[in-house]
Amino acid sequence: MDTDSPSPAFTSPLKPIRPPKIAPEREALAGWLDYHRAELLSKLNGLTAEQAAQRVVPSLTTLHGLLRHMTKVEFAWFVAVIEHRIDQTGEVAPFGWPERKDGDFLLDDDADLAQDVERYLAACERSREIFAEVALDEVRAHRRFGDLDVRWIMIHMLREYAQHSGHADILRELIDGTTHS
């Protein structure tokens, strides 16, 4: 990346999504998850790649790192747990997980925001495809939590996004004073 000139400002490729107010459970869960996915990307709107990678808190947490983290989370829950793909094929998880601690936040691997946005969008689409093929009552085994149904996993994903979107709000305000309602 050329450090002499700033990168162009980011614009989310996702349009704001309104989750359904009245819907069957499956549609409501999927709608709320897509809402949170779009919200996370919206936190980057107007920032350069350099700003998105800026550390404004003592931890490794950055807006770019949160995007990568949620890419990993999408993979961990939908591909590794629901689809069991990692066990069947040996598919490699993003950013060196689980062997590389904090690989999603380190940004030391020539991290490129545009490429990581594309990777995130692809991970979300893959998760949607996996979710479309399973029932909410199907049970999956998790190495730490034990047996879980897909419904629990979807609710957990909503919690993950809500938590990290809150982090993103704080980071964004510290970077340029922008607040989101």
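**Arg68 and the packing of H3 against H6**

Let me start with one residue of this predicted model: if we set aside the neighbours within four places in sequence, Arg68 is in contact with Phe95, Gly103, Asp104, Leu107, Asp109, Ala111 and Asp116. Arg68 sits in helix H3, and because its relative accessibility is 1%, where buried means under 20%, Arg68 counts as buried.

From there I would like to move to the helix pair. H3 and H6 pack with their axes 9 Å apart and at an angle of about 25°, and since angles under 35 degrees count as roughly parallel, the two helices are therefore roughly parallel to each other. The crossing in which H3 passes H6 is left-handed. On the H3 side the contact includes Arg68, Met70, Glu74 and Phe78, and on the H6 side the residues include Asp116, Arg119, Tyr120 and Phe131. By class, that contact has 13 nonpolar residues, with three polar and five charged ones besides.

Now to the core. The largest nonpolar core has 41 residues, and Phe78 and Tyr120 are those with the most contacts inside it. Helices H1, H2, H3, H6 and H7 each supply at least two residues of this core, and the largest share, 11 residues, comes from H3.

Which residues, then, is Tyr120 in contact with, leaving aside its neighbours within four places in sequence? They are Arg37, Leu40, Leu41, Leu67, Met70, Thr71 and Tyr161. Among these, Leu67, Met70 and Thr71 also belong to the H3 side of the contact with H6.

Notes
Residues are numbered from 1 along each chain as its sequence is written. This is a predicted model: local features need pLDDT of at least 70, side-chain atom pairs count only at pLDDT 80 or more; totals for chains, interfaces and linings use all residues. Side-chain values use heavy atoms; hydrogens and water are left out. A nonpolar core is a set of buried Ala, Val, Leu, Ile, Met, Phe, Trp, Tyr and Cys residues joined through side-chain atoms within 4.5 Å. Buried means under 20% relative accessible area, exposed over 50%, partly exposed in between (1.4 Å probe, protein chains only). Helices (H or I, at least four residues) and strands (E, at least two) are DSSP runs, numbered from the N terminus. Contact means heavy atoms within 4.5 Å. Axes are lines fitted to C-alpha atoms, for helices over the stretch in contact, and angles run from 0 to 180 degrees between N-to-C directions. Angles under 35 degrees count as roughly parallel, over 145 as roughly antiparallel, 65 to 115 as roughly perpendicular and the rest as oblique. A crossing is left-handed if the near helix is turned anticlockwise from the far one by less than a right angle, and right-handed if clockwise. Ala, Val, Leu, Ile, Met, Phe, Trp, Tyr, Cys and Pro count as nonpolar, Asp, Glu, Lys and Arg as charged, and the others, Gly among them, as polar.
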